[in-house]
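Here is a set of exercises to work through with the model open beside you. Try each task on your own before reading its solution.

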Amino acid sequence: MINCCERYYRDVYSDNPGFWAQFNVAAVHGPRAGLFKNKHLTSPQGFASYAHRTLRKAQHLVDKIQFASTTEQLRRIVKDLDRLSDLLCRVIDMSDFVRSTHPDRVIVNAANDAYSLMYEYMNVLNTTDGLYLALQKAMQNKDVVKQWSVEEKAVAMILYRDFEKSGVMLDKQTKQRFVELSNEIAEIGPMFVNGAEPQKPYLVFKANQLMGMDPLIVKQLRRAGRVRIPTVGGAASLALRTVEDEEVRRELYKEGHTAREEQVELLDRLLRLRGELAKLVGHESYASIALADKMAKTPDSVNTFLTSLAASNRPSALAELQTLADLKKSHGRDTPLQIWDREFYASKLLTSMRSQRRIPDNLSSFFSLGVVMQGLSRLSSRLYGVRFVPRETLPGETWHPDVRRLDVIDETAGHIAVVYCDLFEREGKNPNPAHFTVRCSRRIDDDHDPAYAFDPELASTPEEEADGMASARLPNGMHYQLPTIALICDFTPPYIPPKNHPSAPHPTLLSFREMQTLFHEMGHALHSMLGRTALHNISGTRCATDFAELPSVLMEHFAKSPTVLSLFARHHESGQPLPVEMVQEKLKQESMWEATETHAQIVLALLDQAYHSSLPPDFSSTEIFRSIEKQYDLLPPVEGTTWQGFFGHLFGYGATYYSYLFDKAIAQRVWKTVFEGDPLSREAGGRYRDEVLRWGGGRDGWKSVAGVLGDGRLENGGREAMKVVGRWGGGL
């Protein structure tokens, strides 16, 4: 049963800690369902049977695609390849989520086995000549191509590029080397990410050298009359913020930015392997491979954006550092500001501001989790005509009793998505906030294949094709599997006192940053909900990497808007609205060092591009790092450091680290141009939904940005468009 009472948002999400148990009686007394209501996943053994059944379907589709010859068969190739991709991702995405989140090790192991089986099969398909040649044949047939929809043409190009990235067109010997390189990169990449340790694990000081640091912390770190401070971690960060002795801060900064020699050698090896891989498939550099399907398209365009952004941002960053330099001078220090001074004097300035504050900082009292969820629903309703409705779950549907389900209801299209919210911390749970699309949108009513008729297990109606998970038939008769989304956060659970205890229950209260984090992750979820496409490969967040963060970063602007906050922010006890002055003071604090933080990210993005450019055989990652430092740093660099050994994002975001800065600049422009005047405007929300969200990845990102901004200069992208976006970033 769905109950639409607005009060339920607050009660279900912690304002009434005991309410969920009463509301969710079906989870105890209802019939048992599979995980996410997937009928195959009612037990750990279900993962194996689900994976093997999927393999049988996939193998049939592979045969069908490879032997396509008639115009009609070729016309369906994109649809069939997309369905094949969806079949694999149904298992891979589901299993990947379960193995990283589920508390039951037996189920985690079963999910891991299913993941490995399907991932290995997917890698085989990515290098299967027959699939590549069938797609190529269809793309070369003009009669076929003219019958394809815009979505089908977009997916055809995505799949074609993916095949080429996988080295499918290489000869046997070269393909074998491609596989060897890919496997070695996959092996040493995680080693690099997990091996980020300093050359010196700790430094030893006398206690009197640590004046200013919390004496209790100093006492905890004291051994045999000396104080050992780890060079990386919380104690080192605290020392850099509080220790008066500049020489101590210099030593800690230097050693905390000097990685193990083995780690630097591992990075050099990773970069050489990527360079060889790129040349193997005919590219000048790894960056040129990574960027071919992004909005940026080329390394030159990325560097144009970053240098333009650096120039726009530089005056503000220098002004922030001058404030710190003046503060250092006012403390009787006549030496120039150094990089190890930044956190120390920034902390002093913030402490001074807090002592002068007229209004107490109790923002979290206005952000109970239930109130924030209520606000997200109200905002989505105002902008897009969609609301979030709490719904009971069945036994086995979720992976933990804390998980809440929301059905997403559109005022015209009805049920459009399901969101599972796992928002509370618990032992063993990954603390990092995240958005997972467990299943994407896809049209499934035209999946029926007569060839399945011989096998009752494979023959299916659209409802059966959905595996028991959410699906819906539109008024026009089309049937879609609905996006199924999981939101993961790590908030403190509500307090429920023991029975007969005199203390009162207490809701989960979010800090301002936690509230922004929830808005950010919901931005991704909205993209998945509203980017409903007929094809899986372009659904929701399946878009270019340098476009994917736009919806989530834009939501952070809504989270800072007094107009939006007035929709929901109320004191959890008195019900009083949030005073605007408190928000203004908080935003002032948060923006104090924005420009210097942006500059630091620009330097890292430039380093990422340099590392993935065409490098000579005898390159040194340290020399490249030092060159970028000297060219762009605003404070004198520290000689002898090798911070690149700590830059773990080089593996997962190789050549695309610029993406967040890029989307941040675009989001800021969209906010100022479209929403800032009236953040609750349905007209503005409709414009953004129609130009950006509804396309998922099925439209060139530049056309979406140009459309929502009404700026024709951007429609075709390119170097000049990248430069324009860089100029927007002066106030990031």
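**Exercise 1. The last helix**

Which residues of helix α32 (residues 719-728) are buried? Keep in mind that you are looking at a predicted model. Then find what the buried residues pack against.

*Solution.* Begin with the cut-off: a residue is buried if its relative accessible area is under 20%. Going through α32 with that test, you should arrive at Ala721, Met722, Val724, Val725, Gly726 and Trp728. A reminder about helix geometry helps when you look at such a list: an α-helix has 3.6 residues a turn, so residues three or four places apart point the same way. Next, follow the contacts outward. The buried residues of α32 pack against three helices: α17 (299-330), α29 (659-675) and α31 (701-709).

**Exercise 2. Positive phi in two loops**

Two residues lie in loops that lead into helices from the previous exercise. Give the phi of Lys297 and of Ala655, and decide for each whether the residue is buried or partly exposed.

*Solution.* Start from the expectation: most residues other than glycine have a negative phi.

- Lys297 sits in the loop between α16 (286-291) and α17. Its phi is near 75°, a positive value in a residue that is not glycine. With 38% relative accessibility, Lys297 counts as partly exposed.
- Ala655 belongs to the loop between α28 (649-652) and α29. Here too phi is positive, at about 70°, and again the residue is not a glycine. Its relative accessibility is 0%, so Ala655 counts as buried.

**Exercise 3. A covered strand and its partners**

How many of the eight residues of strand β11 (residues 484-491) are buried? Which way does β11 run relative to β6 and relative to β7?

*Solution.* First, the burial: seven of the eight residues in β11 are buried, which leaves the strand mostly covered. Second, take the partner β6 (residues 414-424): six bridges join β6 and β11, and the two run parallel. To find your place in that pairing, look for Asp422, which stands opposite Ile488 in β11. Third, turn to β7 (residues 434-439). This strand pairs with β11 over five bridges, in the antiparallel sense. A good landmark is His435, whose bridge partner in β11 is Leu487.

**Exercise 4. The loop residue Glu425**

Where does Glu425 lie, and which residues is Glu425 in contact with, leaving aside its neighbours within four places in sequence?

*Solution.* Place the residue to begin with: Glu425 is in the loop between β6 and β7. Then check its surroundings. Once neighbours within four places are set aside, the contacts of Glu425 are Asp490, Phe491, Thr492 and Pro493. Its relative accessibility is 36%, so Glu425 counts as partly exposed. As a last step, try a distance: the C-alpha atoms of Glu425 and Ser566 are separated by 28 Å, with their positions 141 residues apart along the chain.

**Exercise 5. Two three-stranded sheets**

What is the strand order in the sheet that holds β1, and what is the order in the sheet that holds β8? Why does each edge strand have a side without a neighbour?

*Solution.* Take the sheet with β1 to start. This open sheet has the order β1-β3-β2, with antiparallel pairing. β1 and β2 (222-223) are at the edges with a single partner strand each, so one side of each has no neighbour in the sheet. β1 (residues 202-205) has a covered face, made of Leu203 and Phe205, and an uncovered one, made of Tyr202 and Val204. Four bridges tie β1 to the antiparallel strand β3 (residues 226-230). In β3, Phe205 has Val227 as its bridge partner, while Val204 has Arg228.

Now the other sheet, also open, with the order β8-β10-β9 and antiparallel pairing. β8 (442-443) and β9 (471-473) stand at the edges with a single partner strand each, so one side of each is left without a neighbour in the sheet. Two bridges link β8 to β10 (residues 479-481), and the bridge partner of Arg442 in β10 is Gln481.

**Exercise 6. The whole chain**

How many helices and strands does the chain have, and what share of its residues is buried?

*Solution.* The chain contains 32 helices and 11 strands. Its radius of gyration is 27 Å, close to the 27 Å that the globule rule gives for 732 residues, so the chain is as compact as a globular protein of that length. Of the 732 residues, 53% count as buried.

How values were computed: Residues numbered from 1 in each chain as written. Predicted model: local features only at pLDDT ≥ 70, side-chain atom pairs only at ≥ 80, totals over all residues. Heavy atoms only, no water. Rg over C-alpha atoms; globule rule 2.2 N^0.38 Å. Buried < 20%, exposed > 50% of the residue type's maximum accessible area, 1.4 Å probe, protein only. Contact = heavy atoms within 4.5 Å. Pairing = 2+ DSSP bridges.
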